[in-house]
Amino acid sequence: MMNIIVASSPSGGIGNQGKIPWKCPEDMAHFHAMTRGAVVVMGRTTWGSIGSKPLEDRINIIISSSQPTPDLGGGSGQLGPMWFKSPEDAYNTLNILSKSKLIYIIGGESIYNFFLERGLVGKIYQSIIVNAGAQFDRHFKTPAGQFDLISSEDRGSYILNILQFKNAEEEQFTNLIRRIQSNGELTMDRTGVGCRTLFGNNCLSFSLRHDKFPLATHRSIPFRHVFEELMFFLRGQTDVNILRDAGVNIWNGNTSRAALDKVGLTDVPEYTMINGYGEHWRRFGSGTGKYSDQIVALINNISDVKSGRDYSAARRLILLSWNPDKLDRCALPGCHFAYQFNYSRESDELSCFLFQRSSDVPLALMWNIATAALLTRLLNIMTNTKPGLLHVVVSNAHIYQNHAAEMEALLRSPTTTFPILRYTRDAPPAKIEDFAFVDFEVLFYRPSKTNIKLAMNV
Ligand SMILES: NC(=O)c1ccc[n+]([C@@H]2O[C@H](COP(=O)([O-])OP(=O)(O)OC[C@H]3O[C@@H](n4cnc5c(N)ncnc54)[C@H](OP(=O)(O)O)[C@@H]3O)[C@@H](O)[C@H]2O)c1
């Protein structure tokens with residue numbers, strides 16, 4: 001978790017002509033007490049403003065596009081500063097350090113903005129200096145709606161405000177659960193368990209910009225499992241034993257002998273999806289003499305639209321997993337059954353709109369959101385486009401009756417900042433199915449440890 005520490009005038013001024021234009025020894029003492037023993041991250045101008053000397057008893061990280069020769073401390077016993085060519089270059093080091101140390105972003109304006117724009121700041125410690133003057137050329141602004149003021153203390157020469165990040169994007173998920181609880185109707189369904197169901201325009205939106213990845217933080221979701229399942233689909237596979245061998249057991253229930261028999265697939269070997277996502281994505285309509293590889297078509301069409309070669313598919317960048325001819329030969333008809341993508345020439349971004357016909361919201365929705373976000377990222381890499389937005393609409397949103405007791409713990413569980421998903425290779429693989437788990441790093445993922453056990457209803 002990364003925090004910001006900042007001192008500002010009441011109107012948000014933080015600096016003028018490369019300096020802090022006030023003297024407030026009490027706030028300085030607070031700054032040193034807070035950051036001692038921690039990691040401090042600053043821009044090159046701020047480094048200059050503190051005399052180009054590392055702050056003692058802290059790991060100093062400086063961001064500058066022109067990296068000087070490493071300073072090894074010159075025998076002073078003080079560790080020299082670590083220089084990085086950009087904040088992104090510092091990600092890996094910060095990710096490792098954040099496991100054992102507090103990280104404080106200490107300015108200036110450009111570095112504060114970088115981390116705030118990416119939603120990577122957990123807490124802001126903001127000192128409002130009472131006699132700060134009025135001349136400023138650098139400012140600090142908290143993004144609207146992203147932080148709650150959790151405490152405010154008058155310390156005489158300054159007021160210490162502490163602000164806590166709230167994950168407004170993930171709160172769309174918890175708010176949907178609350179809406180289902182209060183407005184949903186009791187319904188019966190294929191499992192015989194019974195649900196509270198809300199049918200309607202349940203739409204959630206997430207930013208994927210700057211490599212932000214909407215992996216649930218109110219509880220932990222294993223990214224490797226999301227990755228393995230998506231790659232299984234992208235390889236056109238339907239034999240669930242492949243997932244089981246990879247330690248991913250999420251499809252066991254719906255493809256067990258009993259589950260297949262229940263839907264009349266008595267001739268189908270256990271742990272087979274038959275007409276699952278992989279079949280539709282890579283061989284839609286197979287068995288009729290002709291089929292479509294929707295994934296290859298999607299990549300080609302996005303590339304055509306991006307290059308301007310052919311715009312005919314611009315509004316038809318669609319991936320479907322619903323074939324009425326094959327519904328009677330499915331272990332489970334697709335829930336996230338229709339994806340539409342959109343390329344924006346203005347921003348060079350690829351965005352995704354996912355339509356879910358049905359969602360077991362507490363159990364599966366955040367997983368499906370992670371899958372859609374990852375699919376979009378893989379398409380970004382394959383088509384050299386930037387990640388844009390992800391919109392997910394769930395028409396039939398439900399909570400199973402046997403999950404109702406767990407909802408209190410789920411809704412109480414704190415959320416935190418979404419992680420960054422980083423692709424570590426310089427170039428895309430030859431084919432989308434060639435991506436490997438080791439090509440990706442999930443950075444700054446610190447989900448709540450709340451243990452929420454939800455059994456899958458089959
Ligand atoms: N009141 C407070 O709490 C507080 C705290 C800190 C600073 N300040 C004040 O804020 C002012 C400095 O703020 P600032 O925004 O002008 O400067 P800054 O953020 O301290 O440093 C800017 C420099 O950092 C490097 N940098 C920033 N973003 C980068 C990126 N994405 N990639 C690569 N390098 C990057 C660049 O160095 P290169 O040019 O070398 O590439 C850039 O010129 C000063 O007046 C300072 O006194 C106030």
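Which residue stands opposite Val 40 in strand 4? The residue is Asn 60. The structure is a predicted model. The protein is divided into domain 1, residues 2-165, and domain 2, residues 168-443. The points below cover the strands, the ligand, the domains, one helix and some backbone details.

**Strands and their pairing**

- Strand 3 and strand 4 are parallel partners, and 5 bridges connect them. Within this pair, Val 40 faces Asn 60 of strand 4.
- Strand 4 covers residues 59-63, and 4 of its 5 residues are buried, so the strand is largely enclosed by the rest of the structure.
- Strand 1 pairs with strand 7 (residues 121-129) in the parallel sense, over 7 bridges. One of the bridge partners is Ile 128 in strand 7, which is matched with Ser 8.
- Strand 7 is also joined to strand 10 (residues 158-165) by 7 bridges, and these two strands run antiparallel. Opposite Ile 124 stands Leu 163 in strand 10.

**Surroundings of the ligand**

- The ligand is surrounded by 28 residues. The closest are Gly 15, Gly 43, Ser 65, Gly 107 and Gly 108.
- Strands that each supply at least two residues of this shell are strand 1 (2-8), strand 2 (13-15), strand 3 (39-43) and strand 6 (103-107). Helix 2 (44-49) and helix 4 (109-117) also each supply at least two.
- Sorted by class, the shell has 14 polar, 10 nonpolar and 4 charged residues.
- Gly 107 and Gly 108, both among the closest residues to the ligand, are linked by a cis peptide bond with omega near 0°. Gly 108 lies in the loop between strand 6 and helix 4.

**The two domains**

- Taken over C-alpha atoms, the centres of domain 1 and domain 2 are 39 Å apart.
- In the contact between the domains, 10 residues come from domain 1 and 9 residues from domain 2.
- On the side of domain 1 that touches domain 2, the residues divide into 5 polar, 3 nonpolar and 2 charged.

**Helix 6**

- Helix 6 consists of 12 residues, 223-234. From its first C-alpha to its last it reaches 16 Å, close to the 16 Å expected at 1.5 Å a residue.
- The buried residues of helix 6 are Val 226, Phe 227, Glu 229, Met 231, Phe 232, Phe 233 and Leu 234.
- These buried residues pack against four helices and a strand: helix 7 (241-245), helix 9 (277-283), helix 10 (294-307), helix 11 (361-383) and strand 18 (440-443).
- An α-helix has 3.6 residues a turn, so residues three or four places apart point the same way.
- After helix 6 comes Gly 236, which has a positive phi, near 75°.

**Positive phi before helix 6**

- His 210 is not a glycine, yet its phi is positive, at about 55°. His 210 sits in the loop between strand 12 (195-207) and helix 6.
- Is His 210 buried or partly exposed? His 210 counts as partly exposed because it has 14 C-beta neighbours inside 10 Å.
- Asp 211 is not a glycine either, and its phi is positive, at about 70°. Asp 211 is placed in the loop between strand 12 and helix 6.
- Asp 211 has 18 other C-beta atoms within 10 Å, so Asp 211 is partly exposed. A residue is buried if that count is 20 or more.

Terms used: Residues are numbered from 1 along each chain as its sequence is written. This is a predicted model: local features need pLDDT of at least 70, side-chain atom pairs count only at pLDDT 80 or more; totals for chains, interfaces and linings use all residues. A residue is near a molecule or strand if its C-beta atom, placed from the backbone, lies within 6 Å of it. Ala, Val, Leu, Ile, Met, Phe, Trp, Tyr, Cys and Pro count as nonpolar, Asp, Glu, Lys and Arg as charged, and the others, Gly among them, as polar. Domain bounds come from an automatic or database domain assignment. Two residues are in contact if their C-beta atoms, placed from the backbone, lie within 7 Å. The expected span of a helix is 1.5 Å times one less than its number of residues. A residue is buried if 20 or more other C-beta atoms lie within 10 Å of its own, exposed if 12 or fewer, and partly exposed in between; C-beta atoms are placed from the backbone. Two strands pair if DSSP finds at least two bridges between them.
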